[in-house]
Amino acid sequence: MSWFCFYLPLHLLMAACLCHSIKAPTTSSQQSFKTDLFNFYHSLILADGKETTIHLLKDIPKRYYFVLEEGRALAPFTITVTPCDVPIEWSILVHKASASFLEKAAQGDHDTQEVSRSQKAPSMVSTIFNYKGNSVETYMGMSSHSALYMLEFLSTERDTHITVYLTTDTTSGHLYPELPMDPRIDVIGIGHTTVTLTWKHSPSVLQHRENIQYCLLVNEKHNYKSLCAAETAIRSSGMKLPPTLALSLSPYLLEPQQVMILSNSELSIINKASSGEVRQICMGTKNTYTVPSLSPSTQYYFDVFVVNLLTNASAAYTGTFARTLEEPEPKVMELKDGKVIQVVLDGKKQKFYSLQYQARHKKIQFTFQLCRGQVRVHITKNDKTVALENISGLRSFSLKGKLLDTYLVQLRSTEESNSSVKVQVSPHFHKPLFPLLPESLKIKSFSKLRTCNSVTIAWLGTQEESKYCVYKKRIEEDQVWMELRSVDRCSGPESRHKSEKVLCKYFYDINLQRAVTTETIKGLDAGTLYLFDVYLFGPSGIPVRYHSKVVKTRKKC
């Protein structure tokens, strides 16, 4: 570092002090220049007893100053620097001859020769501390004489920001909460979806319990050495955070990517980012906590911060990490020829449900009837994929192989709500479980044929003679969405009330273009919503439900 870099701002700072102390009359422009000069360099003086946020531009050093004055035998001071992102370089320089000059300047003694002598005395300037890294670093010094100190900060990676705390009062309370002698976080329990942590109490918690709390940060990337470093990393992923992890109970607005959970005096914020979840939990003064709702077989990093609620200042424990246990292999259910089973899939856990079948014939057929939600089907034969598809309605897969081939069917809900599906495997192609289906299972209504007490509907049939049953249900307007959403497409007429049955009839046509039937349902109420369902029965007696149709009768005729 060039000494000139120190002396130039140093003497400009002295000049500012000179301008501030001059009392002689001057022109308004001269006074304005002196005032601006003083105010500019006064802003580079570090405040005592206050945390200062400093923004650094890449490769551009930034300097701040503070003065220790004589008044007692020894003048202690402490400087704490917290990088909030990338590693930085910072150093402390002291100019021991400058204080006398400043004293004279304050008295109005503007000896230019003294300025010149001071500028030519590099031996009076010395570097007393330097550091490079991204850890929170504290320097504790002692001065026995008046001196001007300079702090220089440099970021060589990218633009960033840091916080600096200077204090000369070592007798009053600390801005930063204290860490225990052993600041490690201990992992005392690991489960499939939970990790239990404990840490030693901060001395600050024991002394000022009402103003101190612990906050825990959970993520899947790495540990953070400070709270502001964690907040910076989360913001860089495209999210905004509340003012601090030291979450007071005062209200604030959460961003759309954040979910707040408040229970049992614990405040948890989950930030959903493209790179994964970052969970923040503040639990008061408890020093043992079980982190819930983790993913199995996943490595997580845990950081604990002790936070002063009055100042938002924090201190970081030594972070730790742990890997949750692997999820046990799901039980595999055996499929039997011709037997129909219904499977309910948990949408929230997104778990696979596995079915296994050992072929007794070379040609087999898997049939799936979706009852509710959306389901993804994955079929493998001897560990090789033979079918992978999201199913809707009724779907069959005809497969060829060898005797004793092993088939594995894996089912998973693709929605957050629960889904259900019926599954059957059979070698008997000539005896299908489900009836022959038309091209579409939609029910059509004719607006022009609607009256105040009747509705005409139509649906497609097939070339195979089958039985069709029509049911109706009166509903309210606010029930439409729920009725359509909650319908179980696998349920048959046995689940309906007898009063809802309209009629049953047999129908088919060799010509598919003419395989359409209509029905007029009479005896309805005017201006009323009705839900209509049609059930198709095949040779096996298992019904297939058409898509429900909601129609409203005319209010006036």
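This briefing walks through the fold, cores, sheets and aromatic pairs of the protein above. The model is a predicted one, with a mean pLDDT of 79 and 76% of residues at 70 or more. Its secondary structure comes to seven helices and 35 strands. Of the 557 residues in the protein, 44% are buried.

**Confidence and overall contacts**

- Among the elements, strand β10 (residues 195-199) has the highest mean pLDDT, 97, while strand β12 (residues 258-263) has the lowest, 37.
- Two stretches call for some care when you look at the model: pLDDT stays under 50 over residues 14-27, and again over residues 36-42.
- For residues 14-27 the model has 22 contacts beyond four places in sequence; for residues 36-42 there are 10 such contacts.
- Taking the contacts with a separation of 6 or more, 75% are between residues 24 or more positions apart.

**The nonpolar cores**

- The largest nonpolar core holds 29 residues, and F66, I79, W90, F153 and V164 are the ones with the most contacts inside it.
- Seven strands each supply at least two residues of this core: β1 (50-56), β2 (62-68), β3 (75-83), β4 (88-95), β5 (125-133), β7 (147-154) and β8 (160-167).
- The strand that gives the most to this core is β7, with six residues.
- F153 is a good place to start exploring. Beyond its neighbours within four places in sequence, F153 is in contact with I54, L56, I60, P61, K62, Y64, V81, E89, W90, I162 and V164.
- A second core, separate from the one above, has 24 residues, including L370, L399, Y407 and V423.

**The open sheet around β22**

- Four strands make up an open sheet with antiparallel pairing, in the order β20-β27-β22-β25.
- At the edges of this sheet lie β20 (341-345) and β25 (394-400), each pairing on one side only.
- Neighbouring strands of the sheet are turned against each other by 25° on average, with direction ignored.
- Strand β22 (residues 363-372) pairs with β25 in the antiparallel sense over seven bridges. Here F368 has R395 of β25 as its bridge partner, and T367 has S396 of β25.
- Seven bridges also join β22 to strand β27 (residues 419-426), again in the antiparallel sense. In this pairing, the bridge partner of Q369 is K422 of β27.
- How many residues of β22 are buried? Seven of its 10 residues are, so β22 is largely enclosed by the rest of the structure.

**The β29 and β32 pair**

- Strand β29 (residues 455-460) and β32 run antiparallel and are joined by six bridges.
- L460 stands opposite V516 in β32.
- Side chains alternate along strand β32 (residues 516-521): T517, E519 and I521 point to one face and are buried, whereas V516, T518 and T520 point to the other face and are not buried.

**Aromatic rings**

- The count of aromatic pairs comes to 19.
- Y214 and Y317 form an edge-to-face pair, with 6.3 Å centre to centre and 70° between the planes.
- This pair links distant parts of the chain, 103 residues apart: Y214 sits in strand β11 (residues 212-219), and Y317 in the loop between β17 (314-316) and β18 (320-323).
- Are these two rings in buried or exposed residues? Y214 has 0% relative accessibility and therefore counts as buried; Y317, with a relative accessible area of 3%, is buried too.
- Y471 and Y535 form another edge-to-face pair, at 5.5 Å centre to centre and with 85° between the planes.
- Y471 belongs to strand β30 (residues 466-475) and Y535 to strand β33 (residues 529-537), so this pair ties together parts that are 64 residues apart in sequence. Both Y471 and Y535 are buried.
- F66, F77, W90, F129, Y139, Y149 and F153 form one aromatic cluster. Three members of this cluster, F66, W90 and F153, are also among the residues with the most contacts inside the largest nonpolar core.

Note on methods
Residues numbered from 1 in each chain as written. Predicted model: local features only at pLDDT ≥ 70, side-chain atom pairs only at ≥ 80, totals over all residues. Heavy atoms only, no water. Core = buried A, V, L, I, M, F, W, Y, C linked by side-chain atoms within 4.5 Å. Buried < 20%, exposed > 50% of the residue type's maximum accessible area, 1.4 Å probe, protein only. Contact = heavy atoms within 4.5 Å. pLDDT = per-residue confidence, 0-100. Pairing = 2+ DSSP bridges. Axes fitted to C-alpha atoms, helices over the stretch in contact; angles between N-to-C directions. Phe/Tyr/Trp six-rings, centres within 6.5 Å; stacked < 30°, edge-to-face > 60°.
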